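Trainee: I am new to this structure and would love a close look at a single part of it. Could you pick a strand and walk me through its surroundings?

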Amino acid sequence: RRQRQMCIRDRTESIQPTAPTRPGYDFAGWSLYNENDEPLQETSISIGSTGDRKFVANWTPRTDTKYTVFIYLMNENGEYSIEPDETKEYFGTTDTETTITPDVIDGYITPSNTKLTISANGESSIELRYIRSTYTVTVIGNGIESISTEPYYWGKTVTLNATLLNGYNFSDWTANIPDIQLNKSGTTVSFIMPKNNITITAVTTAIEYSINYNLDNGTAQNPTSYTVETPTFSLTAPTRTGYIFDGWTGTDITEMTMNVTITQGSIGDREYTAHWSSAPVAYTVNHYLQDLDLQNYSVTSITNYAQADTMVDAPLLDDYTGFTAPSIQHVQVNNDGSTVVNYYYTRNSYALTITRDDGILSFSGADTYLYGENVTLVARVYQYYDFKGWQLDNEIVSVSYTHLRAHETVLDL
């Protein structure tokens with residue numbers, strides 16, 4: 001309320017002040033008070049009234065008083081423009097406190113509710129500053145060094161550079177958001193940060209390296225290639241008939257070793273050489289002794305040993321009495337034990353000569369015989385003589401002597 005004073009002397013009409021004005025309010029009439037500040041029923045001073053009077057203006061706050069909300073939106077660099085991005089005018093009751101409830105704007109963090117007193121002059125205002133939402137970038141890929149990223153404001157240009165690990169080739173960039181545009185240039189990619197968390201994949205391929213072996217006629221089941229991702233493995237020792245494996249030499253080996261292990265994470269082409277020492281290998285010598293029928297042979301097989309792939313003189317029988325031995329064969333001993341030597345021994349023939357004493361009338365059996373052949377000698381004596389036997393090498397032997405020695409023999413009768 002506002003009080004208005006005036007001095008009144010002799011008046012010929014009642015007194016009624018003109019209606020005042022006040023920004024933000026509507027005039028609602030006068031209230032009249034006496035000198036004791038007591039309210040009076042009338043709202044004007046009648047003719048003939050005495051004493052001091054006080055007029056008090058009554059006001060009703062307007063409900064259409066303007067107030068302004070200035071909206072500032074953070075840009076992709078985390079900054080605000082000097083001028084608001086949007087201005088909104090609202091209307092309310094003068095000199096009352098109103099609650100400002102910010103609108104939800106996609107991609108921004110909504111400010112908290114705030115209060116504003118609506119001034120009568122309609123110039124009340126408030127600033128709402130929206131913080132731009134940030135989202136994360138996750139970079140994955142087996143063949144690259146770890147890429148550290150920070151939260152990015154949506155709309156910001158993000159550039160990523162991949163550093164390849166040893167053993168990989170770069171293939172492509174992909175994203176888990178299908179419609180996002182990736183600007184690719186080798187191991188570099190850039191994109192506009194979306195209003196979502198995003199996963200970027202650096203697609204790489206593991207380089208395949210070769211493993212070559214010089215097994216020197218040996219065999220082994222070992223990998224011929226590997227990658228940096230191949231689990232750790234060891235080479236299987238090769239085998240070679242007739243040889244002993246002595247060890248490997250080759251890539252990353254400083255001295256010959258029996259065990260070669262290629263650990264996961266290794267790179268580069270590799271080559272390994274197997275080393276051998278010859279082992280004693282069996283070979284067979286068949287000794288064929290001619291039978292008495294001179295058509296067939298009786299065989300005696302003897303196993304001998306020599307170093308693989310060496311030349312040897314195959315031995316004859318220690319005792320081949322009664323037979324003529326063949327020439328010694330000079331042969332190579334195969335490392336697979338397949339070497340076989342055949343010796344054929346010819347049965348000897350010997351002449352049997354018979355001499356007689358004076359008492360022998362006649363005899364039979366003198367001839368040429370094969371070694372081991374049965375011989376029958378027949379002697380006829382003169383009358384008045386007794387047969388004492390056959391004498392061989394000055395010794396009396398049985399009447400029937402059937403085995404010849406290995407040299408020509410003369411029997412004295």
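Mentor: Here is a walk around strand S9, with the whole chain as a starting point and a few other spots afterwards.

Please keep in mind that this is a predicted model. The protein chain holds 36 strands and zero helices, so strands are what we will be looking at, given how runs are assigned from DSSP. Along the principal axes, the C-alpha atoms fill a box of roughly 225 × 40 × 35 Å. The radius of gyration is 65 Å, whereas a compact globule of 413 residues would come in near 22 Å. Of those 413 residues, 33% count as buried. Take the contacts between residues at least 6 apart in sequence: 54% of them join residues at least 24 apart. The accessible surface adds up to about 24,900 Å², and carbon and sulfur atoms account for 44% of that.

Now to strand S9, which spans residues 124-132. Which of its side chains are buried? Those of Ser124, Ile126, Leu128, Tyr130 and Arg132 are, and they point to one face. Ser125, Glu127, Arg129 and Ile131 point to the other face and are not buried. Such a pattern has a simple background: in a regular strand, side chains alternate between the two faces of the sheet. It is worth seeing that Arg132 sits in the buried set, while Ile131 belongs to the set that is not buried.

Strand S9 also has partners. Strand S4 (residues 65-73) runs parallel to S9, and seven bridges join the two. Within this pairing, Thr68 stands opposite Ser125. Strand S7 (residues 108-109) pairs with S9 as well, in the antiparallel sense and over two bridges. There, Tyr108 stands opposite Arg132. Arg132 therefore has a place in two parts of our picture: a buried side chain, under the 20% cut-off, and a position facing Tyr108 in the S7 pairing.

For another view of pairing, turn to an open sheet of four strands, ordered S25-S24-S29-S27, with mixed pairing. Strand S25 (297-307) and strand S27 (323-324) are at the edges; each has a single partner strand, so one side of each lacks a neighbour in the sheet. Inside this sheet, strand S24 (residues 280-290) and strand S29 (residues 340-347) pair in the parallel sense over six bridges, and Asn286 has Asn342 in S29 as its bridge partner. The loop between S24 and S25 contains Leu294. Leu294 is not a glycine, yet its phi is positive, at about 60°; its relative accessible area of 38% makes it partly exposed.

Asp216 is another non-glycine residue with a positive phi, here about 50°. Asp216 lies in the loop between strand S18 (209-214) and strand S19 (225-226), and is partly exposed at 39% relative accessible area.

Two more stops complete the tour. Pro23 sits in the loop between strand S1 (2-4) and strand S2 (25-33), and counts as exposed because its relative accessibility is 57%. Pro23 and Pro61 are 38 residues apart in sequence, with 9.1 Å between their C-alpha atoms. Finally, Leu361, Val381, Tyr382, Tyr384, Tyr385 and Phe387 make a nonpolar surface patch of about 620 Å². Val381 is part of strand S33 (residues 378-381) and, at 32% relative accessibility, counts as partly exposed.

Terms used: Residues are numbered from 1 along each chain as its sequence is written. This is a predicted model: local features need pLDDT of at least 70, side-chain atom pairs count only at pLDDT 80 or more; totals for chains, interfaces and linings use all residues. Side-chain values use heavy atoms; hydrogens and water are left out. Buried means under 20% relative accessible area, exposed over 50%, partly exposed in between (1.4 Å probe, protein chains only). Two strands pair if DSSP finds at least two bridges between them. Patches are made of residues with over 30% relative accessible area and no salt bridge: like charges are joined within 9 Å, nonpolar side chains (Val, Leu, Ile, Met, Phe, Trp, Tyr) within 5 Å. Accessible areas come from the Shrake-Rupley method with a 1.4 Å probe; for residues, only the protein chains shown count as cover. A salt bridge is a side-chain nitrogen of Lys or Arg within 4 Å of a carboxyl oxygen of Asp or Glu. The radius of gyration is taken over C-alpha atoms; the globule rule is 2.2 Å times the number of residues to the power 0.38. Contact means heavy atoms within 4.5 Å.
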